[in-house]
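Here is a friendly tour of one protein and its ligand. Take a look at the structure, and then we will walk through the binding site and a couple of backbone details.

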Amino acid sequence: MIKIAVLVSGNGSNLQALIDAHLSGKIVGVISNKPDAFALQRAQHANIDTAVIEHKQYPNREAFDAAMHQQLLAWDVDLVVLAGFMRILSAEFVQAWEGKMLNIHPSLLPNYKGMHTHQRVLNTGDTLHGCTVHYVTAELDAGQALTQGVLKVDLHDTVDSLAERVHVLEHLIYPQAVEWICNGTLQHIATGQVLYKGQALTRPIQFANFNI
Ligand code: GRF
């Protein structure tokens, strides 16, 4: 069985979506860099082991990442799922977990890497928006995209309404992508290639029929 660790910093609604999708049996631990993250309560409520590793207590990023790495090894983790984890990871850490670490980003990557994605979508006047599950690589928000949830931007949308609607999409596509990795539908192979049902994945699987 694949053992999953989820890294969080805040509310943890994506962690909750994974738990609600019956993946909690596979989640061996949740790490938070913030002791007051609500995500920790969600994990405890689901009887999942938690660890608080505060970045402030380490002299530099490498030392903080090394502490997380040790915890992941102690839990014998196969897959690391970033769910609102608000720290940039060192190159060493990313390399150690390459092909085994996922993130979800609130835009249709490669559009709008980085912050303030909803505002930027509104500024540009895009008609489509959404979220992307991708592998984590050293370059921010640039690893191979696996799945995307797509919605139509409404004339009346604001940053807040888009944030809310994109979150609903996230809660659908993140558990799906994790499930596909657990059951082998998605595979990261030694060459670095990603396979979907045994075939090379050339673009993310898109879910665009949500009534959101
Ligand atoms: C999500 O919007 C995700 O796209 C981003 O961080 C947010 C986490 O939200 N990476 P939550 O803590 O899971 O509610």
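## Around the ligand

The residues around the ligand, each with a heavy atom within 4 Å of it, are Asn 11, Gly 12, Ser 13, Asn 14, Gly 84, Ile 104, Pro 106, His 167 and Glu 170. This is a predicted model, in which local features need pLDDT of at least 70 and side-chain atom pairs count only at pLDDT 80 or more, while totals for chains, interfaces and linings use all residues. Residues are numbered from 1 along each chain as its sequence is written, and side-chain values use heavy atoms, with hydrogens and water left out.

By class, this shell holds two nonpolar, six polar and one charged residues; here Ala, Val, Leu, Ile, Met, Phe, Trp, Tyr, Cys and Pro count as nonpolar, Asp, Glu, Lys and Arg as charged, and the others, Gly among them, as polar. Domain 1 (1-97) and domain 2 (104-212) each give at least three residues to the shell, with bounds from an automatic or database domain assignment.

## Polar contacts and cover

Which backbones come into polar contact with the ligand (a pair of N or O atoms within 3.5 Å)? A polar backbone atom of Gly 12 is 2.8 Å from a ligand oxygen, and one of Asn 14 is also 2.8 Å from a ligand oxygen. From the side chains, a polar atom of His 167 lies 3.1 Å from an oxygen of the ligand.

The protein covers 83% of the 370 Å² of accessible area that the ligand has on its own, by the Shrake-Rupley method with a 1.4 Å probe. Two elements, α1 (13-23) and α6 (159-182), give two or more residues to the shell; helices (H or I, at least four residues) and strands (E, at least two) are DSSP runs, numbered from the N terminus.

## Two backbone details

Most residues other than glycine have a negative phi, and most peptide bonds are trans. Asp 76, in the loop between α3 (61-74) and β4 (79-82), has a positive phi of about 60 degrees.

Leu 109 and Pro 110 are joined by a cis peptide bond, with omega about 15 degrees. Pro 110 belongs to the loop between β5 (101-105) and α5 (117-124).

Technical notes. A polar contact is a pair of N or O atoms within 3.5 Å; within protein, one must be able to donate a hydrogen and the other to accept it, and residues adjacent in sequence count only if both atoms are side-chain atoms.
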